[in-house]
Structures are given as C-alpha cells and as structure tokens.
Amino acid sequence: MTDLYRMLPGELDALMLELGQPRYRADQVLRALYHDFPAGVDDLRQLPAALRQRLSDEGYVLGAADEVRRVASEDGETTKLLLRMADGTLIETVLMQYPEKGSGKHPRSTVCVSTQAGCAMGCVFCATGQMGFERNLRGEEIVAQVLHMARLLAERDQHVTNVVFMGMGEPLANYPETIRAIRLLTDPRAFALSQRAITVSTVGVLRGIQRLADEGLQVGLAISLHAPTETLRQELVPTAGPHSVADLVSAARRFFRRTGRRVTFEYALIAGKNDSPELARELGALLRGMNTHVNLIPVNPTAGGFERPARRRVLEFERILREAGVNTTVRVEKGSEISAACGQLRTDEQERQVIGLEEISGAPVPPVRGRRQSGLAPAPSPGR
Ligand code: SF4
C-alpha cells in the first residue's frame with residue numbers, strides 16, 4: 001500500500017503519467033489532499049470514478065492520524081492531541097496559538113510535530129527520553145499531524161502559520177523522513193507553507209546539522225544545548241559526545257554561513273543543575289560575538305526530581321547573557337497545566353490504560369510498549 005500523502009508533487013506527476021492521465025490530474029489530487037481533507041481515495045471526487053477505482057486497486061490509500069485524546073489549556077491557546085497511527089503507534093502533537101495584536105487578525109498558530117515514537121537520545125529531564133526508542137515516523141505521518149491540526153483550525157476559520165519539529169523524537173536522527181515532511185509541507189503545490197515558517201530542533205546530531213545546512217532549504221534551526229560545559233552536558237544528554245558543546249557551536253556557525261539563518265540555542269533551566277550565574281557567564285563567553293539567539297526554558301515542574309528555578313534566578317541568568325551581548329529570551333510558557341511538554345500525554349494515557357486494565361479485568365498488567373518499566377511516574381519535561 002502507498003499513502004498518497006507520502007508522494008511529492010513530482011512523484012505524483014510521474015504516477016499520473018504512468019497511469020496514462022493528463023498532468024493536471026496530479027494538481028487535482030494535490031489540491032484535494034491539502035485543502036479538502038478527504039477521508040479516502042473514494043472521496044477524491046475531482047477524479048473520474050475509473051481513476052479512483054484504479055488507484056484503490058493498485059493499493060493507493062490516504063493515511064490519517066486518529067485522535068485518541070484532546071486536551072486544551074484553560075485559555076484555549078494550547079491544544080494537545082494524542083494521535084494513533086495506522087499501526088497503533090501513539091504520538092503527540094501540540095498546537096500553540098499566540099493572539100496577534102489588533103482586532104480581527106488571525107492568531108499565529110504553531111504546530112509542534114513528533115518525528116519519532118519515543119526517542120533514543122535519553123535526555124534525563126524528558127518524558128519521551130525515558131520511554132526509549134520505538135520507531136521512526138514516516139514523512140506522511142509527520143505531515144498527518146499538521147493536517148489534523150489544519151482541519152481543526154479550518155473549523156475556526158484559522159490556519160497553520162508555523163511548524164516546529166520539537167515534539168517527540170530527534171528529527172535529525174530520522175533525517176530522510178524529516179526532509180520529506182519538510183518538502184511536502186513547503187512545496188507550493190502541496191501544503192505550501194513558507195520554509196521560513198518551519199523550525200527544526202535538534203539535541204545535536206552533527207552530521208544531520210551539516211546535511212541540513214547543505215540542503216538548500218531556508219528552515220530555521222534550534223539546537224538544544226542545555227549546558228556550556230562538556231561534563232554537564234553529558235550528564236543532561238547522556239548520548240552527547242565528549243566534545244559536543246564545541247562541536248555544536250561550530251556546526252551552528254557553519255549553518256549560519258551556509259543558510260544565512262541565525263541559529264537558536266535552547267537551554268532548559270533546571271534548578272540547582274545548570275542555572276547558576278557562573279554557568280550563565282560561561283555560556284555568555286561561549287556564544288559572545290556569534291549571531292545567535294538563546295531561548296531559556298524553565299523546565300516543567302514534575303515528579304522526576306528536577307525543579308524549575310525561581311523566577312528571579314531565571315531573570316538573573318537572562319540578564320548575565322544579555323550583558324555578555326547574547327540575544328536572549330525566556331520562553332513564554334504555554335499549556336503546562338495540560339502537560340504540554342513532549343511525552344507526558346502519552347505517558348499519562350499509557351498509565352490510564354494500565355490502570356483501566358487492572359480495574360476491568362484484575363489481570364496482570366502487560367508490559368507497555370516502548371516504555372521502560374521502571375519509573376512509572378512521568379519524567380520531567382524536555383526543554384525543546
Ligand atoms: S528532549 Fe528531545 S532529544 Fe531529548 S530525549 Fe526528549 S525528545 Fe529526545
């Protein structure tokens with residue numbers, strides 16, 4: 001079976017040619033896929049019935065992500081979905097809305113997509129990192145998350161304005177499918193989002209950063225640094241190499257030279273761990289003179305043993321960086337009351353299912369797929 005949502009416009013052109021169809025058929029399909037949200041091949045009413053039949057006979061389908069749970073923040077600006085892929089894999093997608101000043105303007109609507117189920121990077125403060133790695137998502141499964149949110153927004157007469165690859169998983173460890181998703185989302189004949197409206201966030205897959213810099217795209221890059229020293233970074237990101245801080249800073253410089261796009265460094269602030277004024281000064285010295293931006297993210301308070309620093313400590317960290325000449329902001333917190341940090345909703349759902357099984361059957365609890373069996377309490381949130 002082939003999902004038509006997987007196909008780039010050029011591939012669809014080739015398919016229509018192969019099926020003996022005029023080229024404009026590909027445009028008809030693309031318009032339907034990205035504007036009408038059809039439920040299946042039979043819904044592509046723009047196509048002749050014989051062609052629809054032929055596509056079905058040859059195994060072409062329209063994949064979709066089924067909504068398992070939806071939670072919204074009290075202010076309605078953050079919506080988090082737990083989605084089920086065709087094979088049952090559960091992943092999370094978040095919509096964050098930022099009202100624009102001035103009446104009548106559409107809000108900025110950013111979709112945060114997952115690129116893997118689980119994650120192998122093991123960041124110690126991240127719920128997804130504690131699940132372990134389950135599988136890579138396919139390009140069309142990444143796109144399905146955006147389209148699901150697009151459909152939801154269309155009901156409110158709104159649309160997706162930005163996409164960030166910051167959900168579950170490390171996008172650059174799933175490089176080919178991440179790039180396919182970016183191309184589908186930005187191709188003017190497909191979803192037609194501006195490349196500059198997309199940001200890829202990585203915890204530091206060097207080879208991936210180099211490839212992305214050479215890809216000829218104008219997408220933004222965010223690097224989750226979390227520490228200015230090698231030892232501390234390895235403690236927080238156990239999969240980081242011995243020179244990851246130095247390597248990432250030079251990779252960011254190269255990315256800027258190649259693309260002209262300023263790199264953002266994400267820094268999850270954890271009380272008593274990486275939030276001291278000394279570390280702020282070290283970070284300032286590391287990044288001084290670079291055309292970059294630092295985004296400070298106080299970690300979500302959780303039961304996992306890491307705490308968010310006090311507000312004054314966050315502001316002091318920010319002040320020191322700014323005085324060092326480093327452009328710095330503190331991330332506006334969105335939806336913490338609905339566990340907006342990646343991995344938490346899926347963790348909650350799996351625990352709910354485990355509890356449900358116990359309640360209903362009294363049977364032994366089966367292992368939960370893709371999840372370490374130790375530490376059932378949700379781990380602290382990621383800083384991405
Ligand atoms: S923060 Fe990102 S890279 Fe690190 S474990 Fe979590 S999902 Fe993976």
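These notebook entries record what I looked up in a predicted model of the protein.

**Overall composition**

I began with the secondary structure, which comes to 12 helices and 14 strands. I then turned to burial: 45% of the 384 residues count as buried. For the contacts, I took those with a separation of 6 or more and found that residues 24 or more positions apart account for 66% of them.

**Strand E12**

I next examined strand E12, which spans residues 263-269. How many of its residues are buried? I noted seven of seven, and entered the strand as mostly covered.

In a regular strand the side chains alternate between the two faces of the sheet. I therefore listed the two sides of E12 separately. One side carries Val263, Phe265, Tyr267 and Leu269, and these are all buried. The other side carries Thr264, Glu266 and Ala268, also all buried. I recorded both faces of E12 as covered.

**Partners of E12**

Which strands pair with E12? I found that E11 pairs with E12 in the parallel sense, over three bridges. Within E12, Phe265 stands opposite Ile223.

Strand E13 (residues 292-298) also pairs with E12 in the parallel sense, here over seven bridges. I looked up the bridge partner of Val263 in E13 and found Thr292. I then followed the chain from E12 to E13: the path runs through helix H10 (residues 277-287), and this β-α-β crossover is right-handed.

**Backbone phi at two residues**

I closed with two phi values. Most residues other than glycine have a negative phi. Against that background I checked Phe37 and His226.

Phe37 is not a glycine, yet I read a positive phi of about 50°. Where does Phe37 lie? I placed Phe37 in the loop between helix H2 (24-36) and helix H3 (49-57). I entered Phe37 as partly exposed because it has 15 C-beta neighbours inside 10 Å, a count between the limits of 12 or fewer for exposed and 20 or more for buried.

For His226, also a residue other than glycine, I noted a positive phi near 70°. His226 lies in the loop between strand E11 (220-224) and helix H8 (230-236); E11 is the strand I had already entered as pairing with E12. Is His226 buried or exposed? I counted His226 as buried, because it has 30 C-beta neighbours inside 10 Å.

Definitions and conventions:
Residues are numbered from 1 along each chain as its sequence is written. This is a predicted model: local features need pLDDT of at least 70, side-chain atom pairs count only at pLDDT 80 or more; totals for chains, interfaces and linings use all residues. Helices (H or I, at least four residues) and strands (E, at least two) are DSSP runs, numbered from the N terminus. Two residues are in contact if their C-beta atoms, placed from the backbone, lie within 7 Å. Two strands pair if DSSP finds at least two bridges between them. A crossover is right-handed if, with the strands pointing away from the viewer, the path from the first strand over the helix to the second runs clockwise.
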